[in-house]
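Here are a few exercises to work through with the structure open beside you. Try each task before you read its solution.

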Amino acid sequence: MRLTVVLIALMTLLPAALTNGHDDHAHHHDPHHWENAEMRHDLLTQLGGMAVLGAVAGSYLLVRRRTST
Amino acid sequence: MRRSLFALMKLSFLEAVRRQILHVMVLLSLVVMAIAGTVSFFDLGVQVKIVKDTGMVMILLAGSLSIVFLLSGALFHDVEQRIVYPVLARPIPRGLYLVARYFGALAAVYAGMTLMAITLVVLLWTHLHYISGLAVVAIAFTYLEVALVGALAMLLSTFFTPAMTATLALFLYLLGSLKMGYLHHLAERNTGFAKWAITAVSAALPNMEAFRFKDALVHDLSVPAGYLVLVAIYGICYLATCIALSVWNFGRREV
């Protein structure tokens with residue numbers, strides 16, 4: 001019951017908060033995220049980081065498998 | 001192995017669809033969307049924008065909150081109520097159990113989101129008599145965003161208690177949404193250790209803003225296809241990383 005009350009409050013307030021945020025952005029004429037070079041740079045940087053993490057984890061697993069057999 | 005995966009996924013799905021939180025979320029969202037779509041205060045152009053805006057926000061909110069609340073306590077309760085022991089006593093890897101738990105709950109949330117998406121499409125069809133391709137794209141990326149939030153909650157649930165997981169997941173989700181607009185500016189304004197710490201936190205946080213194409217849908221703007229592909233690859237890779245880390249941590253943990 002308490003959870004339902006909290007959820008109703010959240011669901012009522014958050015859309016309003018999100019809409020206000022959008023209006024502020026529109027007022028300052030910020031570029032949309034798909035037009036933003038900084039956004040692409042951030043996504044590509046994180047993808048690079050994940051690739052490095054994957055390579056390190058893969059190498060570790062490979063070495064561990066070889067040493068255990 | 002595949003049979004075990006589907007059997008566990010089915011169990012997880014059935015458990016999730018019986019949870020009251022999912023029913024409340026879907027029902028509330030449908031009511032809000034129906035009110036936005038039927039109560040007419042404005043001319044048609046403004047009314048359609050309100051329907052698109054409200055619909056997309058409600059699908060995202062209901063999906064994100066549902067998946068966080070469903071997954072934050074899933075593993076913890078399985079261990080506490082000893083449900084996990086008879087399953088893991090069979091030749092089923094822990095990783096498979098975790099993946100099935102995740103995809104089962106995600107399927108239940110997707111079922112609710114699909115109901116909301118159909119409502120949005122019907123409302124748009126009633127007002128406009130056509131559906132733009134961008135509506136499908138925006139909804140698809142909302143699905144991907146919800147899957148990512150779920151993977152984040154799953155990862156946190158292998159480390160923390162349900163209450164802590166839900167709070168942290170929602171906090172990180174909010175921070176991830178403010179990453180470009182707030183954290184980057186905050187890092188630029190600080191120096192020394194504070195700048196380094198904010199940059200480090202920002203580098204690890206998922207970029208949630210990248211999945212939101214609500215503005216493009218509401219204002220009928222075009223989005224480059226290359227950017228959509230980049231965001232899709234990013235979302236899938238981040239999700240896979242979270243699941244891999246969850247499997248690793250759940251595998252080494254004592255249950």
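A residue counts as buried under 20% relative accessible area, exposed over 50% and partly exposed in between, using a 1.4 Å probe and protein chains only. This is a predicted model, in which local features need pLDDT of at least 70 and side-chain atom pairs count only at pLDDT 80 or more, while totals for chains, interfaces and linings use all residues. Residues are numbered from 1 along each chain as its sequence is written, chains are lettered from A and ligands numbered from 1 in the order in which they are written, and side-chain values use heavy atoms, leaving out hydrogens and water.

**Exercise 1.** Find the partner of Asp42(A) in a salt bridge, and decide whether each of the two is buried or exposed.

*Solution.*
- Start with the rule: a salt bridge needs a side-chain nitrogen of Lys or Arg within 4 Å of a carboxyl oxygen of Asp or Glu.
- Asp42(A) meets this with Lys179(B), their closest N and O atoms being 3.0 Å apart.
- The pair crosses between chains, from helix H2 (residues 37–68) of chain A to helix H9 (residues 179–189) of chain B; helices are DSSP runs of H or I with at least four residues, numbered from the N terminus.
- Asp42(A) has 8% relative accessibility, so it is buried.
- Lys179(B), at 0%, is buried too.

**Exercise 2.** Work out which residues are linked with Arg101(B) in a network of salt bridges.

*Solution.*
- Look first at Glu15(B), whose closest O atom is 2.9 Å from an N atom of Arg101(B).
- That pair joins helix H6 (residues 94–128) to helix H1 (residues 2–17) of chain B, 86 residues apart.
- Next comes Asp78(B), which meets Arg101(B) at 2.5 Å, N to O.
- Asp78(B) lies in helix H4 (residues 74–80) of chain B, so this salt bridge ties together parts 23 residues apart in sequence.
- Now add accessibility: Arg101(B) is buried at 7% and Asp78(B) is buried at 3%, whereas Glu15(B) is partly exposed at 36%.
- Together, Glu15(B), Asp78(B) and Arg101(B) form the network.

**Exercise 3.** Find where the charged ends of Arg94(B) and Arg252(B) sit.

*Solution.*
- Apply the test: a charge sits over a ring if NZ of Lys or CZ of Arg is within 6 Å of the ring centre and within 35 degrees of the ring normal.
- Arg94(B) sits over the ring of Phe250(B), 5.9 Å from its centre.
- Arg252(B) sits over the ring of Trp248(B), at 4.8 Å from the centre.

Technical notes
Helix = DSSP H or I, 4+ residues; strand = E, 2+ residues; numbered from the N terminus.
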